[in-house]
Amino acid sequence: MEKFDLKMPKMGESITEGTIINWLVNEGDSFDEGDILLEVATDKVDNEVPAPASGTLVKTLFAPKDVVPVGEVIAILEVSEEKKLNSNSNLKSKENFTLSAVEVPQKEKLRNKNKNQSAPQYSVPSFSSPLGKTDGASFFSPLIISIAKEHHISFEELARIPATGNEGRLRKSDLFRYIEDGRPYKFAQPVQQDSTAYRIPQLSFDKGKGKIIEMDRMRQMIADHMVYSKHTSPHVTAYVEADMTNMVNWRNANKKAFQEKYGERLTFTPLFVEAVAKAIKDFPNINASVDGNNIIVKEDINIGMATALPSGNLIVPVVKNADTKDLKVLASNVNELAAKARDNKLGGDDIKGSTFTISNVGTFGSVMGTPIINQPEVAILALGIIKKRPEVIETESGDEIAIRSMMYLSLSFDHRVVDGFLGGSFVRRVADYFEQFDINRDI
(Lines give C-alpha, C1' and ligand atoms only; values in the text may rest on other atoms or scores of the structure.)
Protein backbone atom coordinates (compact mmCIF):
# COMPACT_ATOMS: atom_id res chain seq x y z
CA MET A 1 0.00 0.00 0.00
CA GLU A 2 1.16 3.56 -0.68
CA LYS A 3 -0.04 6.98 0.47
CA PHE A 4 -2.06 9.06 -1.97
CA ASP A 5 -3.26 12.69 -1.67
CA LEU A 6 -6.90 13.00 -2.69
CA LYS A 7 -7.46 16.50 -4.07
CA MET A 8 -10.59 18.55 -4.65
CA PRO A 9 -11.33 17.80 -8.32
CA LYS A 10 -12.17 20.41 -10.97
CA MET A 11 -15.87 20.16 -11.81
CA GLY A 12 -16.22 22.71 -14.60
CA GLU A 13 -14.28 25.40 -16.40
CA SER A 14 -15.52 28.21 -14.18
CA ILE A 15 -15.55 26.24 -10.91
CA THR A 16 -12.78 27.30 -8.50
CA GLU A 17 -13.99 25.73 -5.26
CA GLY A 18 -16.41 23.18 -3.87
CA THR A 19 -18.29 22.63 -0.62
CA ILE A 20 -17.99 19.21 1.00
CA ILE A 21 -21.50 17.94 1.65
CA ASN A 22 -20.81 14.59 3.25
CA TRP A 23 -18.06 11.98 3.69
CA LEU A 24 -19.48 8.56 2.78
CA VAL A 25 -16.37 6.71 4.02
CA ASN A 26 -15.06 7.20 7.56
CA GLU A 27 -11.42 7.39 8.62
CA GLY A 28 -9.98 3.88 8.87
CA ASP A 29 -12.61 2.35 6.58
CA SER A 30 -11.62 0.48 3.42
CA PHE A 31 -13.16 1.01 -0.01
CA ASP A 32 -13.05 -0.43 -3.51
CA GLU A 33 -12.12 1.35 -6.70
CA GLY A 34 -15.07 3.42 -7.92
CA ASP A 35 -16.76 3.63 -4.50
CA ILE A 36 -18.06 7.12 -3.74
CA LEU A 37 -15.84 8.68 -1.07
CA LEU A 38 -17.63 12.01 -0.64
CA GLU A 39 -20.19 14.36 -2.13
CA VAL A 40 -19.26 17.87 -3.19
CA ALA A 41 -21.55 20.83 -3.98
CA THR A 42 -20.89 23.57 -6.51
CA ASP A 43 -23.74 26.09 -6.58
CA LYS A 44 -26.88 24.10 -7.57
CA VAL A 45 -25.08 21.01 -8.85
CA ASP A 46 -23.99 18.19 -6.55
CA ASN A 47 -21.13 15.87 -7.50
CA GLU A 48 -19.86 12.49 -6.34
CA VAL A 49 -16.11 11.88 -6.02
CA PRO A 50 -15.20 8.22 -6.64
CA ALA A 51 -12.23 6.32 -5.24
CA PRO A 52 -9.36 6.19 -7.76
CA ALA A 53 -8.36 2.70 -6.54
CA SER A 54 -9.04 0.23 -3.73
CA GLY A 55 -7.61 1.18 -0.37
CA THR A 56 -8.23 2.77 3.03
CA LEU A 57 -9.16 6.29 4.10
CA VAL A 58 -6.37 7.35 6.48
CA LYS A 59 -7.38 10.92 7.29
CA THR A 60 -9.87 13.55 6.17
CA LEU A 61 -8.49 17.09 6.14
CA PHE A 62 -11.79 18.93 5.78
CA ALA A 63 -15.18 18.51 7.43
CA PRO A 64 -18.66 18.65 5.88
CA LYS A 65 -19.64 22.17 4.78
CA ASP A 66 -16.01 23.28 4.46
CA VAL A 67 -15.38 25.31 1.30
CA VAL A 68 -12.25 23.97 -0.42
CA PRO A 69 -10.37 25.40 -3.44
CA VAL A 70 -9.93 23.14 -6.47
CA GLY A 71 -6.64 21.25 -6.23
CA GLU A 72 -6.44 21.38 -2.42
CA VAL A 73 -5.69 18.06 -0.69
CA ILE A 74 -8.86 16.97 1.12
CA ALA A 75 -7.87 13.50 2.37
CA ILE A 76 -4.98 11.05 2.73
CA LEU A 77 -5.57 7.60 1.27
CA GLU A 78 -3.65 4.34 1.32
CA VAL A 79 -4.10 2.63 -2.03
CA SER A 80 -2.84 -0.45 -3.78
CA GLU A 81 0.73 -0.15 -5.04
CA GLU A 82 -0.23 -2.16 -8.11
CA LYS A 83 -1.98 0.85 -9.57
CA LYS A 84 -0.01 3.97 -10.40
CA LEU A 85 -1.82 7.12 -9.52
CA ASN A 86 -1.34 10.78 -10.01
CA SER A 87 -3.26 13.81 -8.76
CA ASN A 88 -5.50 13.81 -11.81
CA SER A 89 -6.22 10.10 -12.38
CA ASN A 90 -9.81 8.87 -12.23
CA LEU A 91 -11.02 11.96 -10.38
CA LYS A 92 -13.86 12.86 -12.65
CA SER A 93 -16.99 14.02 -10.88
CA LYS A 94 -20.40 12.71 -11.79
CA GLU A 95 -23.36 15.10 -11.63
CA ASN A 96 -26.15 14.14 -9.25
CA PHE A 97 -29.45 15.88 -8.55
CA THR A 98 -30.86 13.65 -5.76
CA LEU A 99 -30.37 16.49 -3.34
CA SER A 100 -32.82 15.55 -0.60
CA ALA A 101 -31.20 12.10 -0.23
CA VAL A 102 -27.90 13.85 0.51
CA GLU A 103 -29.13 16.67 2.72
CA VAL A 104 -31.22 14.80 5.27
CA PRO A 105 -28.56 12.31 6.43
CA GLN A 106 -26.04 15.15 6.53
CA LYS A 107 -28.19 17.13 8.94
CA GLU A 108 -28.64 14.10 11.15
CA LYS A 109 -24.88 13.55 11.16
CA LEU A 110 -24.23 17.14 12.20
CA ARG A 111 -26.86 16.94 14.92
CA ASN A 112 -25.24 13.79 16.32
CA LYS A 113 -21.80 15.36 16.05
CA ASN A 114 -22.84 18.39 18.09
CA LYS A 115 -25.25 16.54 20.40
CA ASN A 116 -22.80 16.28 23.29
CA GLN A 117 -21.37 19.76 22.85
CA SER A 118 -22.68 22.44 25.15
CA ALA A 119 -24.88 24.87 23.24
CA PRO A 120 -23.60 28.43 23.08
CA GLN A 121 -25.57 31.02 25.00
CA TYR A 122 -26.87 33.61 22.58
CA SER A 123 -27.60 37.08 23.89
CA VAL A 124 -28.22 39.95 21.52
CA PRO A 125 -25.56 42.64 22.06
CA SER A 126 -26.29 46.32 21.62
CA PHE A 127 -25.11 48.00 18.43
CA SER A 128 -25.23 51.71 17.85
CA SER A 129 -23.54 51.53 14.43
CA PRO A 130 -25.64 51.57 11.24
CA LEU A 131 -26.91 48.27 9.86
CA GLY A 132 -24.22 46.45 7.92
CA LYS A 133 -21.34 48.05 9.85
CA THR A 134 -19.32 46.19 12.42
CA ASP A 135 -16.99 47.04 15.22
CA GLY A 136 -13.68 48.24 13.76
CA ALA A 137 -11.86 45.61 15.86
CA SER A 138 -13.74 42.76 14.16
CA PHE A 139 -11.72 40.63 11.76
CA PHE A 140 -13.14 37.92 9.52
CA SER A 141 -10.96 35.57 7.51
CA PRO A 142 -11.55 35.07 3.77
CA LEU A 143 -12.96 31.60 4.54
CA ILE A 144 -15.48 33.04 7.01
CA ILE A 145 -16.48 35.72 4.50
CA SER A 146 -16.87 33.09 1.77
CA ILE A 147 -19.13 30.94 3.95
CA ALA A 148 -21.11 34.02 5.03
CA LYS A 149 -21.69 35.03 1.40
CA GLU A 150 -22.90 31.53 0.59
CA HIS A 151 -25.50 31.76 3.37
CA HIS A 152 -26.23 35.48 2.79
CA ILE A 153 -25.05 36.43 6.29
CA SER A 154 -24.28 40.13 6.73
CA PHE A 155 -21.28 41.55 8.61
CA GLU A 156 -23.72 42.86 11.22
CA GLU A 157 -24.94 39.31 11.83
CA LEU A 158 -21.39 37.89 11.84
CA ALA A 159 -20.38 40.38 14.53
CA ARG A 160 -23.06 39.00 16.87
CA ILE A 161 -21.90 35.37 16.73
CA PRO A 162 -20.01 34.15 19.85
CA ALA A 163 -16.37 33.65 18.81
CA THR A 164 -13.99 31.11 20.37
CA GLY A 165 -10.80 31.83 18.41
CA ASN A 166 -7.68 33.65 19.57
CA GLU A 167 -8.29 37.32 20.42
CA GLY A 168 -11.99 36.82 19.92
CA ARG A 169 -11.76 35.81 16.28
CA LEU A 170 -14.63 33.92 14.69
CA ARG A 171 -13.78 30.35 13.68
CA LYS A 172 -15.55 28.37 10.98
CA SER A 173 -16.78 25.93 13.63
CA ASP A 174 -18.43 28.88 15.42
CA LEU A 175 -20.13 29.91 12.19
CA PHE A 176 -21.33 26.40 11.29
CA ARG A 177 -22.67 25.89 14.83
CA TYR A 178 -24.51 29.19 14.58
CA ILE A 179 -26.05 28.16 11.23
CA GLU A 180 -27.08 24.76 12.66
CA ASP A 181 -28.75 26.56 15.58
CA GLY A 182 -31.05 28.34 13.14
CA ARG A 183 -29.24 31.69 12.91
CA PRO A 184 -30.87 33.30 15.98
CA TYR A 185 -29.57 36.77 15.03
CA LYS A 186 -30.85 36.63 11.46
CA PHE A 187 -33.49 39.28 12.07
CA ALA A 188 -31.95 40.97 15.12
CA GLN A 189 -32.00 44.74 14.83
CA PRO A 190 -29.24 47.16 15.91
CA VAL A 191 -30.05 49.80 18.49
CA GLN A 192 -31.30 52.83 16.59
CA GLN A 193 -30.57 56.37 17.67
CA ASP A 194 -33.63 57.62 15.80
CA SER A 195 -36.71 56.79 17.83
CA THR A 196 -38.87 57.05 14.68
CA ALA A 197 -36.84 54.45 12.75
CA TYR A 198 -38.66 51.33 11.60
CA ARG A 199 -37.95 48.10 13.45
CA ILE A 200 -39.01 44.62 12.45
CA PRO A 201 -41.78 43.67 14.90
CA GLN A 202 -41.04 40.57 16.95
CA LEU A 203 -44.27 38.74 16.18
CA SER A 204 -45.20 35.17 16.98
CA PHE A 205 -47.39 33.57 14.33
CA ASP A 206 -49.51 30.46 14.56
CA LYS A 207 -48.10 28.47 11.64
CA GLY A 208 -50.81 25.85 11.92
CA LYS A 209 -50.60 22.07 11.77
CA GLY A 210 -50.09 19.75 8.85
CA LYS A 211 -47.63 17.60 6.99
CA ILE A 212 -44.05 18.76 7.54
CA ILE A 213 -41.82 18.66 4.45
CA GLU A 214 -38.18 19.46 5.00
CA MET A 215 -36.68 21.67 2.31
CA ASP A 216 -34.05 19.93 0.21
CA ARG A 217 -30.73 21.66 -0.31
CA MET A 218 -31.69 23.26 -3.62
CA ARG A 219 -34.94 24.66 -2.22
CA GLN A 220 -33.02 26.19 0.71
CA MET A 221 -30.60 27.82 -1.75
CA ILE A 222 -33.47 29.17 -3.84
CA ALA A 223 -35.14 30.59 -0.72
CA ASP A 224 -31.93 32.26 0.43
CA HIS A 225 -31.28 33.60 -3.07
CA MET A 226 -34.76 35.10 -3.38
CA VAL A 227 -34.70 36.71 0.07
CA TYR A 228 -31.21 38.05 -0.60
CA SER A 229 -32.32 39.51 -3.95
CA LYS A 230 -35.33 41.31 -2.46
CA HIS A 231 -33.17 42.57 0.43
CA THR A 232 -30.39 43.79 -1.88
CA SER A 233 -32.22 45.25 -4.89
CA PRO A 234 -35.12 47.72 -4.69
CA HIS A 235 -37.42 46.04 -7.20
CA VAL A 236 -39.55 48.04 -9.64
CA THR A 237 -41.67 46.30 -12.29
CA ALA A 238 -42.72 47.83 -15.63
CA TYR A 239 -45.39 46.30 -17.87
CA VAL A 240 -46.09 46.48 -21.60
CA GLU A 241 -48.36 44.59 -23.97
CA ALA A 242 -47.22 43.13 -27.27
CA ASP A 243 -49.15 42.01 -30.35
CA MET A 244 -47.56 38.62 -31.10
CA THR A 245 -49.73 37.81 -34.14
CA ASN A 246 -46.96 37.99 -36.75
CA MET A 247 -44.56 35.86 -34.70
CA VAL A 248 -47.26 33.30 -33.85
CA ASN A 249 -48.41 32.97 -37.46
CA TRP A 250 -44.83 32.67 -38.77
CA ARG A 251 -43.89 30.03 -36.23
CA ASN A 252 -47.06 28.00 -36.89
CA ALA A 253 -46.39 28.12 -40.63
CA ASN A 254 -42.69 27.20 -40.40
CA LYS A 255 -42.17 24.94 -37.37
CA LYS A 256 -42.61 21.72 -39.36
CA ALA A 257 -40.25 22.83 -42.15
CA PHE A 258 -37.75 24.10 -39.58
CA GLN A 259 -37.59 20.72 -37.86
CA GLU A 260 -37.28 18.87 -41.17
CA LYS A 261 -34.45 21.16 -42.31
CA TYR A 262 -32.44 21.45 -39.08
CA GLY A 263 -33.65 18.55 -36.93
CA GLU A 264 -34.62 20.96 -34.13
CA ARG A 265 -37.99 21.80 -32.60
CA LEU A 266 -38.92 25.46 -33.05
CA THR A 267 -40.46 26.72 -29.83
CA PHE A 268 -41.09 30.35 -28.95
CA THR A 269 -38.12 30.46 -26.56
CA PRO A 270 -35.33 30.91 -29.18
CA LEU A 271 -37.43 33.63 -30.82
CA PHE A 272 -37.75 35.35 -27.43
CA VAL A 273 -34.03 34.99 -26.73
CA GLU A 274 -33.19 36.44 -30.16
CA ALA A 275 -35.37 39.53 -29.61
CA VAL A 276 -34.13 40.11 -26.05
CA ALA A 277 -30.49 39.91 -27.18
CA LYS A 278 -31.19 42.53 -29.88
CA ALA A 279 -32.82 44.82 -27.32
CA ILE A 280 -29.87 44.42 -24.94
CA LYS A 281 -27.54 45.59 -27.72
CA ASP A 282 -29.74 48.68 -28.02
CA PHE A 283 -29.70 49.26 -24.24
CA PRO A 284 -26.41 47.72 -22.96
CA ASN A 285 -26.75 49.19 -19.45
CA ILE A 286 -29.52 46.69 -18.73
CA ASN A 287 -26.89 43.94 -19.11
CA ALA A 288 -25.03 44.80 -15.93
CA SER A 289 -24.31 44.03 -12.29
CA VAL A 290 -23.47 46.13 -9.23
CA ASP A 291 -20.16 45.98 -7.39
CA GLY A 292 -20.29 48.40 -4.47
CA ASN A 293 -20.37 51.87 -6.02
CA ASN A 294 -19.45 50.56 -9.46
CA ILE A 295 -21.66 49.33 -12.29
CA ILE A 296 -20.20 46.53 -14.41
CA VAL A 297 -21.68 46.59 -17.93
CA LYS A 298 -21.10 43.11 -19.31
CA GLU A 299 -19.44 42.58 -22.68
CA ASP A 300 -21.09 39.21 -23.28
CA ILE A 301 -24.83 38.78 -23.67
CA ASN A 302 -25.67 35.51 -21.92
CA ILE A 303 -29.40 34.87 -21.58
CA GLY A 304 -30.56 32.76 -18.64
CA MET A 305 -33.81 30.81 -18.99
CA ALA A 306 -35.64 30.15 -15.72
CA THR A 307 -36.57 26.46 -15.94
CA ALA A 308 -38.50 24.13 -13.64
CA LEU A 309 -36.82 20.83 -12.77
CA PRO A 310 -38.82 17.59 -12.38
CA SER A 311 -38.50 18.05 -8.59
CA GLY A 312 -40.34 21.36 -8.86
CA ASN A 313 -37.22 23.37 -8.03
CA LEU A 314 -36.03 26.18 -10.26
CA ILE A 315 -32.76 26.42 -12.19
CA VAL A 316 -31.44 28.87 -14.79
CA PRO A 317 -29.53 27.30 -17.71
CA VAL A 318 -27.72 29.87 -19.84
CA VAL A 319 -27.55 30.50 -23.60
CA LYS A 320 -24.04 31.94 -23.98
CA ASN A 321 -23.32 34.80 -26.42
CA ALA A 322 -26.92 34.81 -27.62
CA ASP A 323 -26.40 37.94 -29.75
CA THR A 324 -23.88 36.14 -31.99
CA LYS A 325 -26.04 33.12 -32.86
CA ASP A 326 -28.62 32.60 -35.59
CA LEU A 327 -32.04 31.07 -34.99
CA LYS A 328 -30.89 27.54 -35.83
CA VAL A 329 -28.11 27.62 -33.21
CA LEU A 330 -30.35 29.31 -30.63
CA ALA A 331 -33.00 26.61 -31.11
CA SER A 332 -30.34 23.92 -30.74
CA ASN A 333 -28.97 25.49 -27.53
CA VAL A 334 -32.42 25.99 -26.03
CA ASN A 335 -33.55 22.43 -26.82
CA GLU A 336 -30.32 20.92 -25.48
CA LEU A 337 -30.51 22.86 -22.20
CA ALA A 338 -34.21 22.06 -21.76
CA ALA A 339 -33.54 18.34 -22.30
CA LYS A 340 -30.68 18.40 -19.79
CA ALA A 341 -32.94 20.11 -17.24
CA ARG A 342 -35.68 17.48 -17.73
CA ASP A 343 -33.15 14.67 -17.29
CA ASN A 344 -31.30 16.28 -14.34
CA LYS A 345 -28.09 16.41 -16.40
CA LEU A 346 -27.24 20.12 -16.30
CA GLY A 347 -23.58 20.71 -15.50
CA GLY A 348 -21.93 23.53 -13.59
CA ASP A 349 -20.99 25.43 -16.76
CA ASP A 350 -24.57 25.16 -18.10
CA ILE A 351 -25.84 27.41 -15.29
CA LYS A 352 -22.91 29.84 -15.05
CA GLY A 353 -22.41 33.30 -16.48
CA SER A 354 -25.95 34.59 -17.02
CA THR A 355 -26.09 38.37 -17.55
CA PHE A 356 -29.87 38.73 -18.11
CA THR A 357 -32.70 36.30 -17.33
CA ILE A 358 -36.08 35.63 -18.90
CA SER A 359 -38.88 33.69 -17.22
CA ASN A 360 -41.69 32.35 -19.40
CA VAL A 361 -44.50 32.32 -16.84
CA GLY A 362 -46.97 31.85 -19.70
CA THR A 363 -45.87 28.21 -19.81
CA PHE A 364 -47.93 27.70 -16.64
CA GLY A 365 -50.91 29.72 -17.90
CA SER A 366 -50.03 32.94 -16.07
CA VAL A 367 -51.16 36.16 -17.73
CA MET A 368 -48.21 38.06 -16.26
CA GLY A 369 -45.73 37.89 -13.38
CA THR A 370 -43.58 40.05 -11.13
CA PRO A 371 -40.26 38.18 -11.27
CA ILE A 372 -37.49 38.48 -8.67
CA ILE A 373 -34.11 39.55 -10.04
CA ASN A 374 -31.55 36.78 -10.50
CA GLN A 375 -28.55 38.23 -8.62
CA PRO A 376 -26.10 39.68 -9.47
CA GLU A 377 -28.04 40.84 -12.55
CA VAL A 378 -30.02 44.09 -12.52
CA ALA A 379 -33.15 43.04 -14.44
CA ILE A 380 -35.33 40.05 -15.30
CA LEU A 381 -38.09 39.74 -17.90
CA ALA A 382 -41.28 37.71 -17.41
CA LEU A 383 -43.31 36.69 -20.46
CA GLY A 384 -46.99 35.88 -19.97
CA ILE A 385 -49.30 33.55 -21.84
CA ILE A 386 -50.14 34.37 -25.48
CA LYS A 387 -53.93 34.75 -25.72
CA LYS A 388 -56.20 35.57 -28.62
CA ARG A 389 -58.62 38.43 -28.03
CA PRO A 390 -60.41 41.18 -29.98
CA GLU A 391 -58.28 44.30 -30.43
CA VAL A 392 -58.82 47.64 -32.15
CA ILE A 393 -56.29 47.99 -34.98
CA GLU A 394 -55.65 50.76 -37.47
CA THR A 395 -56.15 49.95 -41.16
CA GLU A 396 -56.21 51.99 -44.37
CA SER A 397 -59.99 52.12 -44.14
CA GLY A 398 -59.96 53.18 -40.47
CA ASP A 399 -60.14 51.48 -37.08
CA GLU A 400 -61.30 47.87 -37.06
CA ILE A 401 -61.75 45.12 -34.50
CA ALA A 402 -59.67 42.01 -35.21
CA ILE A 403 -58.62 38.84 -33.39
CA ARG A 404 -54.98 39.24 -32.34
CA SER A 405 -52.53 37.13 -30.31
CA MET A 406 -51.55 39.31 -27.33
CA MET A 407 -48.98 38.91 -24.53
CA TYR A 408 -47.98 40.89 -21.44
CA LEU A 409 -44.30 41.51 -20.69
CA SER A 410 -43.16 42.51 -17.20
CA LEU A 411 -39.63 43.69 -16.42
CA SER A 412 -38.41 43.79 -12.81
CA PHE A 413 -35.32 45.96 -12.47
CA ASP A 414 -32.92 47.12 -9.77
CA HIS A 415 -33.79 50.76 -9.14
CA ARG A 416 -30.36 51.42 -7.64
CA VAL A 417 -28.88 51.52 -11.14
CA VAL A 418 -31.78 51.15 -13.59
CA ASP A 419 -34.13 54.13 -13.74
CA GLY A 420 -37.67 54.07 -15.07
CA PHE A 421 -36.61 55.50 -18.42
CA LEU A 422 -34.09 52.73 -19.09
CA GLY A 423 -36.31 49.95 -17.72
CA GLY A 424 -39.42 51.16 -19.58
CA SER A 425 -37.54 51.82 -22.83
CA PHE A 426 -35.93 48.38 -22.78
CA VAL A 427 -39.09 46.38 -22.21
CA ARG A 428 -40.88 48.49 -24.85
CA ARG A 429 -38.07 47.74 -27.32
CA VAL A 430 -38.42 44.00 -26.70
CA ALA A 431 -42.16 44.29 -27.37
CA ASP A 432 -41.43 46.25 -30.56
CA TYR A 433 -39.18 43.47 -31.84
CA PHE A 434 -41.95 40.98 -31.10
CA GLU A 435 -44.57 43.06 -32.92
CA GLN A 436 -42.35 43.89 -35.89
CA PHE A 437 -41.46 40.25 -36.56
CA ASP A 438 -41.00 39.66 -40.30
CA ILE A 439 -43.85 37.41 -41.40
CA ASN A 440 -41.93 36.67 -44.65
CA ARG A 441 -38.71 35.64 -42.93
CA ASP A 442 -36.89 32.64 -44.42
CA ILE A 443 -35.98 29.74 -42.15
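**Exercise 1. Overall burial and contacts**

Work out what share of the 443 residues of the protein count as buried, and find how many helices and strands there are.

*Solution.* Start with burial: 42% of the 443 residues fall in the buried class. Keep in mind that this is a predicted model. Next, the secondary structure comes to nine helices and 20 strands. Finally, turn to the contacts with a separation of 6 or more: 67% of them join residues 24 or more positions apart.

**Exercise 2. Helix 8 on its own**

Check whether the span of helix 8 agrees or disagrees with 1.5 Å a residue, then say which of its residues are buried and what covers them.

*Solution.* Step one is the span. Helix 8 covers residues 327-342, which is 16 residues, so at 1.5 Å a residue it should span 22 Å. The C-alpha atoms at its ends are 22 Å apart, so the two values agree.

Step two is burial. The buried residues of helix 8 are Leu 327, Leu 330, Ala 331, Asn 333, Val 334, Asn 335, Leu 337 and Ala 341.

Step three is the cover. Two helices contribute, helix 6 (245-262) and helix 7 (268-282). The cover also includes strand 13 (303-305), strand 14 (307-308) and strand 16 (318-319).

Step four, have a look just past the end of the helix: Asn 344 there has a positive phi of about 55 degrees.

**Exercise 3. Two neighbours of helix 8**

Decide how helix 7 and helix 6 are oriented relative to helix 8: parallel, antiparallel, perpendicular or oblique?

*Solution.* Take helix 7 to begin with. Its axis and that of helix 8 come within 9 Å and cross at roughly 120 degrees. That angle makes helix 7 oblique to helix 8. The crossing of this pair is right-handed. On the helix 7 side, Thr 269, Pro 270, Leu 271, Val 273 and Glu 274 take part, and they meet Leu 327, Leu 330, Ala 331 and Val 334 of helix 8. Sorted by class, the contact has seven nonpolar residues, one polar and one charged.

Now helix 6. The axes of helix 6 and helix 8 come within 12 Å, with a crossing angle of roughly 80 degrees. Angles of 65 to 115 degrees count as roughly perpendicular, and helix 6 and helix 8 are therefore roughly perpendicular to each other. Trp 250, Phe 258 and Tyr 262 from helix 6 meet Leu 327, Lys 328 and Ala 331 from helix 8. This contact has five nonpolar residues, no polar ones and one charged.

**Exercise 4. Helix 9 and its contact with helix 7**

Describe helix 9: how far does it reach from its first C-alpha to its last, what do its buried residues pack against, and how does helix 7 cross it?

*Solution.* Length comes up front: helix 9 has 16 residues and reaches 22 Å, close to the 22 Å expected.

Then burial: Leu 422, Gly 423, Ser 425, Phe 426, Val 427, Val 430, Ala 431 and Phe 434 are buried in helix 9. Their packing partners are helix 6, helix 7, strand 10 (235-243), strand 17 (356-359), strand 18 (379-383) and strand 20 (398-414).

Now the crossing. The axes of helix 7 and helix 9 (residues 420-435) come within 9 Å, at roughly 135 degrees. Helix 7 is therefore oblique to helix 9, and the crossing is right-handed. Helix 7 brings Leu 271, Phe 272, Ala 275, Val 276, Lys 278, Ala 279, Ile 280 and Asp 282, which meet Phe 426, Arg 429, Val 430, Tyr 433 and Phe 434 of helix 9. Counting by class gives 10 nonpolar, no polar and three charged residues.

**Exercise 5. Loop residues**

Place Arg 183, Asn 321, Pro 376 and Leu 24 in their loops, and describe each one.

*Solution.* Arg 183 sits in the loop between helix 4 (172-180) and helix 5 (217-232). Its phi is positive, about 50 degrees, although it is not a glycine. With 11% relative accessibility, Arg 183 counts as buried.

Asn 321 belongs to the loop between strand 16 and helix 8. Phi of Asn 321 is also positive, near 50 degrees. At 29% relative accessibility, Asn 321 counts as partly exposed.

Pro 376 is in the loop between strand 17 and strand 18. The thing to spot here is the cis peptide bond from Gln 375 to Pro 376, with omega near 5 degrees.

Leu 24 lies in the loop between strand 2 (17-23) and strand 3 (30-31). Its 43% relative accessibility makes Leu 24 partly exposed. Leaving out residues up to four places away in sequence, Leu 24 touches Ile 36, Leu 37, Leu 38 and Glu 39. Leu 24 and Glu 39 are 15 residues apart along the chain, and 7.6 Å separates their C-alpha atoms.

Methods: Residues numbered from 1 in each chain as written. Predicted model: local features only at pLDDT ≥ 70, side-chain atom pairs only at ≥ 80, totals over all residues. Heavy atoms only, no water. Helix = DSSP H or I, 4+ residues; strand = E, 2+ residues; numbered from the N terminus. Expected span 1.5 Å × (residues − 1). Buried < 20%, exposed > 50% of the residue type's maximum accessible area, 1.4 Å probe, protein only. Contact = heavy atoms within 4.5 Å. Axes fitted to C-alpha atoms, helices over the stretch in contact; angles between N-to-C directions. Parallel < 35°, antiparallel > 145°, perpendicular 65-115°, else oblique. Left-handed = near helix turned anticlockwise from the far one by under 90°. Nonpolar A, V, L, I, M, F, W, Y, C, P; charged D, E, K, R; others polar.
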